[in-house]
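Here's a quick briefing to read with the model open beside you. We'll start with a strand, move on to a helix, and finish with some aromatic rings.

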Amino acid sequence: MSTNEKKTLYTADAAAVGGRSGHVRSATGIIDLDMSVPEGLGGKKGATNPEELFAAGYASCFQQALLVIAQRNGDRLDSQSEVKCSVTLFQEGEAYGLSAILDVDLKKFDEQKTIDMVRQAHTICPYSVGTRGNMEVELRVMGKSVPVQPEENAGVAGGNGVEASNTAENTNVTA
């Protein structure tokens with residue numbers, strides 16, 4: 001298989017009933033949650049919303065991409081390393097959109113090494129690849145904004161319209 005050939009690794013299935021004031025359930029039943037408009041917008045307490053679920057998924061996926069990058073570089077992440085993701089719902093004219101902030105604290109690495117690893121993770125994380133060119137994503141290291149070059153947010157992995165050659169099959173850990 002060529003390194004640029006797409007290979008399906010996993011497919012998740014879920015269903016929603018009732019939109020933002022309804023219920024979501026994954027095919028496995030592990031996710032089985034009431035949904036609500038965010039509480040700050042008049043929603044009810046005790047229910048989640050799509051933005052929270054997206055933030056949790058993105059943070060987890062980005063952390064995994066960092067684990068892959070560390071492994072490729074012969075490093076290990078501190079067990080307390082953390083990725084926080086904030087997802088913002090906004091309205092622009094008649095349309096609605098999302099933006100995200102990923103704030104990374106790798107604990108044991110210096111700031112420059114952490115920035116380099118965050119940039120590399122941003123090129124392979126499936127959420128970063130999937131949102132690139134469609135949604136503003138800000139990268140931060142311990143609260144400080146990391147400048148992102150336009151090519152880092154354009155196209156697909158690698159920023160050049162070609163899938164990254166570093167596929168999951170080149171490592172033992174999937175991003």
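Start with β6, which has two faces: V137, L139 and V141 make up the covered one, while E136, E138 and R140 sit on the uncovered one. Keep in mind that this is a predicted model.

**β6 and its neighbours**

- On one side, β6 runs parallel to β5, and six bridges join the two strands.
- One place to look is I101, whose bridge partner in β6 is E138, a residue of the uncovered face.
- With β7, the pairing of β6 is antiparallel and takes three bridges.
- V141, from the covered face of β6, stands opposite K144 in β7.
- Two residues lie between the strands in the β6–β7 hairpin, and M142 there takes a positive phi near 50°.

**Helix α2**

- Helix α2 covers residues 111-124, 14 residues in total, and reaches 20 Å from first C-alpha to last, close to the 20 Å expected at 1.5 Å a residue.
- At the N-terminal end, D110 does the capping: one of its side-chain oxygens lies 3.2 Å from the backbone nitrogen of Q112.
- The buried residues of α2 are T114, I115, M117, V118, A121, H122 and I124.
- What covers them? The cover includes two helices, α1 (50-72) and α3 (126-131), along with the strands β5 (95-105), β6 (136-141) and β7 (144-146).
- So β6 turns up again here, as part of the cover over the buried residues of α2.

**The aromatic rings**

- How many aromatic pairs does the structure hold? There are four.
- F54 and Y58 form an edge-to-face pair, because their planes meet at 85°, over the 60 degrees needed, with the ring centres 6.0 Å apart.
- These two residues, F54 and Y58, are four apart in helix α1, so about one helical turn separates them.
- Are F54 and Y58 buried or exposed? F54 has 23% relative accessibility and so counts as partly exposed, whereas Y58, at 0%, counts as buried.
- Y58 also pairs edge-to-face with F62, at 6.5 Å centre to centre and 70° between the planes.
- Again the spacing is four residues within α1, about one turn of the helix, for Y58 and F62.
- Both Y58 and F62 are buried.
- Put together, ring pairs link F54, Y58 and F62 with Y127 into a cluster.

Definitions and conventions:
Residues numbered from 1 in each chain as written. Predicted model: local features only at pLDDT ≥ 70, side-chain atom pairs only at ≥ 80, totals over all residues. Heavy atoms only, no water. Expected span 1.5 Å × (residues − 1). Buried < 20%, exposed > 50% of the residue type's maximum accessible area, 1.4 Å probe, protein only. Contact = heavy atoms within 4.5 Å. Polar contact = N/O pair within 3.5 Å; in protein donor to acceptor, adjacent residues only side chain to side chain. Pairing = 2+ DSSP bridges. Phe/Tyr/Trp six-rings, centres within 6.5 Å; stacked < 30°, edge-to-face > 60°.
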